[in-house]
Amino acid sequence: MKIAIYPGSFDPITKGHLDVLKTGSEIFDKVIIAVSQNSEKKSFLTAEERVNLIKLSIGGLENVEVDSFEGLTVEYAKLKGAKVILRGLRAVSDFEYEMQLSQTNSALSEHIKTVFLITKPKYNFISSSTVKDIASFGGDISKFVPESVNDYLKKQFAK
Ligand code: ADP
């Protein structure tokens with residue numbers, strides 16, 4: 001069974017993330033989308049909120065599991081029996097960081113490989129940070145995020 005983990009901040013999950021996840025779920029037998037709790041980025045939503053929003057957004061993807069983790073991604077992958085780390089690539093600007101991360105993970109564990117997927121062009125420019133910025137000014141983010149995230153962020157910023 002080919003298992004991949006898809007780690008990230010997902011603060012919050014966007015349609016770009018979902019597109020990568022959907023393609024990953026067509027390639028691998030199982031994909032575990034895992035909210036990383038130890039990113040140096042300070043998160044807007046708690047890990048629990050991010051996990052719940054992912055769960056509400058992945059209807060129809062039967063072979064996808066949602067989880068969160070702390071510590072090294074390669075150790076988490078081993079724990080889950082995954083040999084593949086799935087990551088998304090948007091523009092060249094993602095490349096340098098992702099390449100460094102992938103090579104660091106390979107150096108830590110040579111049996112774990114990173115597979116990169118590219119989203120559909122219409123989702124390519126979407127990032128969790130711009131989504132939060134737009135929502136914070138009362139803008140419409142419904143094109144960029146699943147419905148559950150749209151509703152939740154609207155409520156958060158209305159407070
Ligand atoms: P991290 O903090 O680990 O980078 P993110 O939630 O920002 O977590 O992103 C998780 C992964 O999804 C990264 O590989 C990122 O490049 C990718 N990603 C984010 N947004 C998109 C998008 N719109 N299209 C394709 N990949 C994306």
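These are my notebook entries on the sheet, the helices beside it and some salt bridges in a predicted model.

**Entry 1, the sheet.** I began with the strands and found that 5 of them form an open sheet with parallel pairing, in the order β3-β2-β1-β4-β5. The edges are β3 (64-69) and β5 (113-118), each of which pairs on one side only, and I noted that the twist averages 30° from one strand to the next. Looking closer at one pair, I saw that β1 (residues 3-8) runs parallel to β2 (residues 30-36) over 6 bridges, with A4 opposite V31 in β2.

**Entry 2, the helices.** I then looked up what lies against the sheet: helix α2 (residues 47-57) lies across β2 and β3, at about 150° to β2, while helix α4 (residues 92-108) touches β4 (84-89) and β5, its direction making about 170° with that of β4.

**Entry 3, the salt bridges.** The count comes to 8 salt bridges, and I looked at some of them. In one, D11 joins K132, with the closest N and O atoms 3.1 Å apart; D11 is in the loop between β1 and α1 (15-27) and K132 is in helix α5 (residues 128-136), so this pair ties together parts that are 121 residues apart in sequence. I noted that D11 and K132 are both buried.

Another bridge joins E75 to K78 at 3.4 Å, and here both residues lie in helix α3 (residues 73-79), 3 residues apart, about one turn of the helix. E75 is partly exposed at 42% relative accessible area, and K78 is partly exposed at 44%.

My last entry is the bridge between D94 and R90, at 2.9 Å from N to O. Is D94 buried or exposed? With 13% relative accessibility, D94 counts as buried, whereas R90 is partly exposed at 37%.

Key
Residues numbered from 1 in each chain as written. Predicted model: local features only at pLDDT ≥ 70, side-chain atom pairs only at ≥ 80, totals over all residues. Heavy atoms only, no water. Pairing = 2+ DSSP bridges. Helix = DSSP H or I, 4+ residues; strand = E, 2+ residues; numbered from the N terminus. Axes fitted to C-alpha atoms, helices over the stretch in contact; angles between N-to-C directions. Contact = heavy atoms within 4.5 Å. Salt bridge = Lys/Arg side-chain N within 4 Å of Asp/Glu carboxyl O. Buried < 20%, exposed > 50% of the residue type's maximum accessible area, 1.4 Å probe, protein only.
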